[in-house]
There are 2 protein chains.
Amino acid sequence: MRPEFLLENQLCFRLYTASRLLTQAYHPLLSEHGLTYPQYLVLLVLWEKDAQPVNDIAKRLYLETNTVTPLIQRMEKEGIVTRSKGEKDARQMIVRLTKKGWDLQVELVDVPTAMGNAVICESVNTETAPELFKMLDDIIAKLKTK
Amino acid sequence: MRPEFLLENQLCFRLYTASRLLTQAYHPLLSEHGLTYPQYLVLLVLWEKDAQPVNDIAKRLYLETNTVTPLIQRMEKEGIVTRSKGEKDARQMIVRLTKKGWDLQVELVDVPTAMGNAVICESVNTETAPELFKMLDDIIAKLKTK
DNA sequence: TAATTTTGCATCGTGAACGATATAATTCAA
DNA sequence: TTGAATTATATCGTTCACGATGCAAAATTA
């Protein structure tokens with residue numbers, strides 16, 4: 001068999017696996033507060049800047065609106081955000097944090113550090129992380145054609 | 001806002017995004033042959049060693065059987081694999097490649113190289129790839145508790 | 001201004017992921 | 001050997017992802 005067909009030689013499989021396992025590691029920390037990982041990502045975006053249209057949130061996460069719309073509708077049902085038509089542009093749906101959405105920022109304050117520690121190992125540490133970030137950023141930049 | 005809450009500072013988001021975008025890059029190459037990326041992963045496992053029980057395939061991919069079972073059922077429906085009860089252990093479901101499954105190996109022979117080239121950039125190349133692989137492998141090893 | 005194109009969002013269908021649960025076969029222990 | 005625990009797989013429900021499509025509002029162009 002050609003060596004390229006070996007799972008061990010494939011970058012995508014590593015990214016796919018590492019991503020899934022790390023998301024799984026977030027699970028207990030987030031489900032405790034009724035959140036999924038993609039919902040947590042939306043919160044990160046809104047904590048940074050509240051009252052954004054669906055499209056801006058989607059772009060920030062490199063997702064399509066057909067993924068983000070139902071996701072945010074579920075968050076609305078949970079009372080984490082509100083959705084209301086844009087005043088300047090009636091096509092836009094502006095997403096705003098509720099008090100509950102802001103409160104979650106306090107409740108989840110230790111999550112980033114906990115997750116950072118979860119991956120610290122011989123080859124990935126405060127010294128080498130920038131290199132890893134650079135490589136992943138370059139891969140993302142190369143692949144996002146839109 | 002605490003800097004840890006910035007999307008830019010989070011490893012998981014990078015892995016999640018890079019994984020999704022790279023899987024999307026596989027899409028045109030695979031859908032042409034009626035395959036999805038996870039189905040392609042199952043083929044990689046079976047090309048390496050045919051006639052494996054569901055559990056071995058799942059373990060190799062770090063997935064649960066409740067993900068792999070329906071996935072393989074779909075592949076069976078497409079005529080890519082067959083499923084039959086294990087003779088030694090009647091609980092096992094042995095998955096075997098059909099002729100169509102083996103033929104796909106020839107049809108997809110250029111995929112690994114094409115995907116490798118798709119991510120080559122300044123910081124990720126033949127020289128630096130081993131470092132990236134090592135870091136991702138260490139992260140995976142640290143996270144797979146089972 | 002009227003007609004056309006583009007944009008922003010929503011809906012639908014399909015295929016993962018994955019927690020929870022069920023079932024049958026095997027193994028282990030009393 | 002019988003009963004209990006374990007193992008291998010399957011099923012179910014929910015939530016992403018994402019291609020395809022639809023629709024209304026806005027922007028562009030004739």
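Is B:F13 buried or exposed? Hold that thought for a moment, and hello everyone. What we have here is a predicted model, in which local features need pLDDT of at least 70, side-chain atom pairs count only at pLDDT 80 or more, and totals for chains, interfaces and linings use all residues. Residues are numbered from 1 along each chain as its sequence is written, chains are lettered from A and ligands numbered from 1 in the order in which they are written, and side-chain values use heavy atoms, with hydrogens and water left out.

Back to the opening question. B:F13 is buried, at a relative accessible area of 7%; buried means under 20%, exposed over 50%, and partly exposed in between, with a 1.4 Å probe and protein chains only.

Let me turn to how the two chains are related. A turn of 180° with a shift of 0.0 Å along the axis lays chain B on chain A, at an RMSD of 0.0 Å; the superposition is by least squares on C-alpha atoms of residues with pLDDT of at least 70 in both copies. That is the relation of a two-fold axis. Within chain B, B:L15 has the C-alpha nearest the axis, 3.0 Å away. The copies meet through the same surface, because 100% of the interface residues of chain B are also interface residues in chain A.

B:S19 is worth a look here. This serine sits in helix α1 of chain B, where helices are DSSP runs of H or I with at least four residues, numbered from the N terminus. B:S19 is buried, with 6% relative accessible area. Beyond its neighbours within four places in sequence, B:S19 is in contact with A:L15, A:Y16 and A:S19, contact being heavy atoms within 4.5 Å.

Now for the rings. Phe, Tyr and Trp rings (the six-membered one for Trp) pair if their centres lie within 6.5 Å; planes under 30 degrees apart are stacked, over 60 edge-to-face, and the rest tilted. Over all chains that gives 16 aromatic pairs. One of them is A:Y37 with B:Y16, edge-to-face at 5.8 Å centre to centre and 85° between the planes. This pair crosses between chains, from helix α2 of chain A to helix α1 of chain B. A:Y37 is buried at 4% relative accessibility, and B:Y16 is buried too, at 13%.

Our friend B:F13 has a partner in A:Y62: their ring centres are 6.3 Å apart and their planes at 15°, so the pair is stacked. A:Y62 lies in the loop between α3 and α4 of chain A and B:F13 in helix α1 of chain B, so this pair also joins two chains. A:Y62 is partly exposed, at 29%.

Finally, the DNA. Which residues are closest to strand D? They are B:Y16, B:R20, B:Q24, B:N55 and B:R83, out of 26 residues that surround the strand, near meaning a heavy atom within 4 Å. Of the strand D atoms within 4 Å of the protein, 74% belong to sugar or phosphate and the rest to bases.

For polar contacts, think of N or O atoms within 3.5 Å; within protein, one must be able to donate a hydrogen and the other to accept it, and residues adjacent in sequence count only if both atoms are side-chain atoms. A polar side-chain atom of B:R91 is 2.8 Å from a base oxygen of strand D. A backbone N or O atom of B:V54 lies 3.3 Å from a phosphate oxygen of that strand. Thanks, everyone!
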